[in-house]
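Dear colleague,

Please find below the structure that I am handing over to you. My notes on what was found in it follow directly after it.

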Amino acid sequence: MRQESLATYVYAIIGGEEPVGRIRTTIRGLEEAEVETVPYRSIAAVVSKAPLECKVRREMVLAHQKVLEQLMGRYTVLPVRYGSRTSDEADLVEEVLRPREAELHTLVARMRGKAEFGLRGFYRKELVFREVVEDNPVIRRLRDKIAQLPPEQGHRERVRVGEMVQSALGARKERDAEKIMRVLGAIFSEHKINAAYGDENLLNASFLLDREQETEFDAWLARLEERLAPTIGLKCVGPMPPFNFVCLTIQTKSSHVSPR
Amino acid sequence: MFLLDDLFELVIFGPAKGLAFLGRQVEKEMEVRMGDEQGLHARLFELQLELDRGDISEDEYLELEDSILQRLEVVASRQS
């Protein structure tokens, strides 16, 4: 394949205590291509050659992720969205690194020593449904009424119970999520709440923590878990690059970077 | 995944009352708000970590990853 038919795939913008310089790493990226840096003053883009056309697919996600993981211990990493490419290195420098160097430098400084942790709260399904029904006298009464009916009757009532349970569960999710965030959000101020998906998931939050905060965060989680068990479980994943706080978009041609 | 599955019916009505009802109104889940996109990218990263540390199985991973990639596609199609 000729060089011109390849794009420059961008994994991350990095910075260190000192300028990174031009490094050909031993890391293998997309399609096993060699990962290298494109430095510009205090920052550097981490790139490899990649096909012009590639959609965000499993192989891309995996390669992208492995590259970021290997960078994380060594540098401050500003993650770039999966699938970001520029036409070539010159394009990357001229359209992204040079015009945005000051901004990226500031972001690197702000993220130094920090990592993102994802927190998910989820219900034990069988427990929460039972509790929702038991806590709601209207639903309980309707359920008891349906129980008296022969199976071929009461279809409408059943639909109604279903809807009522669903809406009661929605309200309960909000309350529980708020309860958790009232504690954690007050102490760990850099956080973001994302949409929760599915019936079991009641909270999807991300925290940007300093290295020193991690132990304290864990301690708070343990306390909360104890209080919320057994109906609610918490799951914390990290450390990872600050995707929810600085996710950079880089586009070919009209390349631009936009934080947040 | 969905609210109104067998388990739900079991809890509400007891085992003898098997019945099918209430349309799949939860399909709405596929709607993606633009603001969620960063979260989806982060979620992809999280999933891989969870797989690596054995919190989820390969199958669970593939299923979840698939649904996130689909949502990202929804976002991408709206942007173009």
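The expected span of a helix is 1.5 Å times one less than its number of residues. This is a predicted model, and the rule can be applied to two of its helices. Helix α4 of chain A, residues 137–148, has 12 residues and should therefore span 16 Å; its end C-alpha atoms lie 17 Å apart, which agrees. For the 33 residues of helix α5 of chain A (residues 155–187), the expected span is 48 Å and the end C-alpha atoms are 49 Å apart, again in agreement. Helix α5(A) also bends by about 35° at M181(A).

To return to α4(A), its buried residues are I139(A), L142(A), R143(A) and I146(A). They lie on the same side of α4(A), because they cover an arc of only 100° around the axis. The exposed residues R141(A) and Q148(A) are on the face turned away from that buried side. At the start of the helix α4(A), a side-chain oxygen of N136(A) comes to within 3.0 Å of the backbone nitrogen of V138(A).

As for the aromatic residues, there are six aromatic pairs over all chains. One of them, between Y82(A) and F243(A), is stacked, with 5.9 Å from centre to centre and 10° between the planes. This pair links distant parts of the chain, 161 residues apart: Y82(A) belongs to the loop between β5 and β6, and F243(A) to the segment after β10. Both Y82(A) and F243(A) are buried. In addition, F117(A), F188(A), F207(A) and F217(A) form one aromatic cluster. Finally, the charged end of R223(A) sits over the ring of W220(A), 4.2 Å from the ring centre.

With kind regards

Note on methods: Residues are numbered from 1 along each chain as its sequence is written. Chains are lettered from A and ligands numbered from 1 in the order in which they are written. This is a predicted model: local features need pLDDT of at least 70, side-chain atom pairs count only at pLDDT 80 or more; totals for chains, interfaces and linings use all residues. Side-chain values use heavy atoms; hydrogens and water are left out. Helices (H or I, at least four residues) and strands (E, at least two) are DSSP runs, numbered from the N terminus. The bend at a residue is the angle between axes fitted to the seven residues ending there and the seven starting there. Rings of Phe, Tyr and Trp (its six-membered ring) pair if their centres lie within 6.5 Å; planes under 30 degrees apart count as stacked, over 60 as edge-to-face and the rest as tilted. Buried means under 20% relative accessible area, exposed over 50%, partly exposed in between (1.4 Å probe, protein chains only). A charge sits over a ring if NZ of Lys or CZ of Arg is within 6 Å of the ring centre and within 35 degrees of the ring normal. The arc is that of the directions from the helix axis to the C-beta atoms. A polar contact is a pair of N or O atoms within 3.5 Å; within protein, one must be able to donate a hydrogen and the other to accept it, and residues adjacent in sequence count only if both atoms are side-chain atoms.
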